[in-house]
Amino acid sequence: MEHLGRSRSAAFFDLDKTIIARSSTLAFSRPFYAGGLINRRTVLRSAYAQFVYLLGGADHDQMERMRDYLSAMCTGWDVETVRSIVADTLHHIVDPIVYDEAVTLIEEHRAAGRDVVIVSSSGFEVVEPIGAMLGADKVIATRMVVAEGKYTGEVEEYVYGPHKATAITALAAAEGYDLKDSYGYSDSITDEPMLAAVGHPFAVNPDRALRRVAVSRGWPVLDFSKPVALAERTRFHEVRRPAVAATLVGAGLAAAGALLYVARRRTRGHDAG
């Protein structure tokens with residue numbers, strides 16, 4: 001097995017307000033409404049919940065209320081319908097709210113040979129396609145109980161708080177990750193156990209409680225502020241690469257021309273002498 005030869009490492013990213021600027025689940029409230037899963041009142045409640053979430057961060061009580069709210073909201077939903085709506089609206093909903101700084105970090109970790117793992121309390125059916133879009137290697141997310149193709153409203157596995165630390169520890173054991181050589185990123189004090197489990201923790205857009213912890217423990221604090229459309233970002237890099245290549249070729253031709261010019265002058269000078 002690969003991990004027996006040498007230690008591997010990973011970069012563990014929280015999703016909401018770390019990679020994307022909003023709550024991933026609540027961001028899909030309008031498509032869910034258009035798909036007939038929720039009514040207009042629920043859309044308005046979701047918008048309010050999004051506002052509260054963004055304004056005040058997420059402490060333990062808020063996360064528990066969020067779990068209860070989402071459980072009640074999705075009871076009876078058809079799982080395939082949810083997956084279809086997310087697939088159809090993913091780029092329209094999530095693409096514009098991805099932090100450019102987060103995408104750069106993901107690219108750097110992948111270039112360094114680390115696995116990128118998204119760890120989120122949002123539902124797996126929402127997080128998995130977002131992870132695929134971002135090029136994550138693995139996704140750890142909340143799973144709901146499903147019976148006859150529909151959500152029962154019960155939570156099978158709630159990936160929140162200390163459960164995130166337990167989940168990444170189990171994954172590290174299975175995949176051979178060295179957690180001391182791994183990285184962690186989150187915005188919330190509820191993810192302190194996950195950040196404390198890795199050797200390189202970072203507080204991203206931290207709430208006040210996490211900022212205090214980060215400062216007291218010497219954890220770096222990152223401020224992400226540039227949501228960018230992935231499609232535009234990709235086009236920028238594709239355009240930039242040929243431009244850079246053309247510049248290098250142009251510089252090479254110019255250098256070659258200069259050398260040829262100098263060589264000819266030397267030859268002429270030699271002939272004249």
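This is a working chat between a trainee and a mentor about one predicted model.

Trainee: Before we start, what kind of model is this, and how are the residues numbered?
Mentor: The model is predicted, and local features need pLDDT of at least 70, side-chain atom pairs count only at pLDDT 80 or more, while totals for chains, interfaces and linings use all residues. Residues are numbered from 1 along each chain as its sequence is written, and side-chain values use heavy atoms, with hydrogens and water left out.

Trainee: How many helices and strands are there in the protein?
Mentor: The protein has twelve helices and nine strands, where helices (H or I, at least four residues) and strands (E, at least two) are DSSP runs, numbered from the N terminus.

Trainee: And what share of the residues counts as buried?
Mentor: Of the 273 residues, 46% count as buried, with buried meaning under 20% relative accessible area, exposed over 50%, and partly exposed in between (1.4 Å probe, protein chains only). As for contacts, meaning heavy atoms within 4.5 Å, residues 24 or more positions apart account for 64% of those with a separation of 6 or more.

Trainee: Which residues touch the most other members in the largest nonpolar core?
Mentor: I19, F32, W77, V94 and V98 do, in a core of 50 residues; a nonpolar core here is a set of buried Ala, Val, Leu, Ile, Met, Phe, Trp, Tyr and Cys residues joined through side-chain atoms within 4.5 Å. There is also a second, separate core of 20 residues, which includes I140, I168, L210 and W219.

Trainee: What is F32 in contact with?
Mentor: Leaving aside neighbours within four places in sequence, F32 is in contact with T25, L37, I38, W77, V82, I85 and V86.

Trainee: V82, I85 and V86 sound like α6, so which residues of that helix are buried?
Mentor: In α6, V79, V82, I85, V86, T89, L90 and I93 are buried, and these buried residues pack against α2 (24-27), α3 (29-34), α8, β4 (138-147) and β5 (150-157).

Trainee: How do α6 and α8 pack?
Mentor: Two packed helices are described by the angle between their axes and the distance between the axes. Helix α6 (residues 79-93) and helix α8 (residues 124-134) pack at about 35 degrees with their axes 9 Å apart, the axes being lines fitted to C-alpha atoms, for helices over the stretch in contact, with angles running from 0 to 180 degrees between N-to-C directions.

Trainee: Which residues make the contact?
Mentor: On the α6 side they are V79, V82, R83, V86, L90 and H91, and on the α8 side E125, V126, P129, I130 and M133. They divide into eight nonpolar, one polar and two charged, counting Ala, Val, Leu, Ile, Met, Phe, Trp, Tyr, Cys and Pro as nonpolar, Asp, Glu, Lys and Arg as charged, and the others, Gly among them, as polar.

Trainee: Where is the kink in α6 centred?
Mentor: The kink is centred on A87 and is about 35 degrees, the bend at a residue being the angle between axes fitted to the seven residues ending there and the seven starting there.

Trainee: Switching to L70, why does L70 count as buried?
Mentor: L70 counts as buried because its relative accessibility is 18%. L70 lies in helix α5 (residues 60-74) and touches T25 and L26, not counting residues up to four places away in sequence.

Trainee: What about K17 and its phi?
Mentor: Phi of K17 is near 65 degrees, a positive value in a residue other than glycine. K17 is found in the loop between β1 (10-13) and α2, and K17 is buried, with a relative accessible area of 11%.

Trainee: Last one, what is E192 in contact with?
Mentor: Neighbours within four places in sequence aside, E192, which is in helix α10 (residues 192-196), is in contact with V213, R217 and W219. E192 and V213 are 21 residues apart in sequence and 8.4 Å apart in space, C-alpha to C-alpha.
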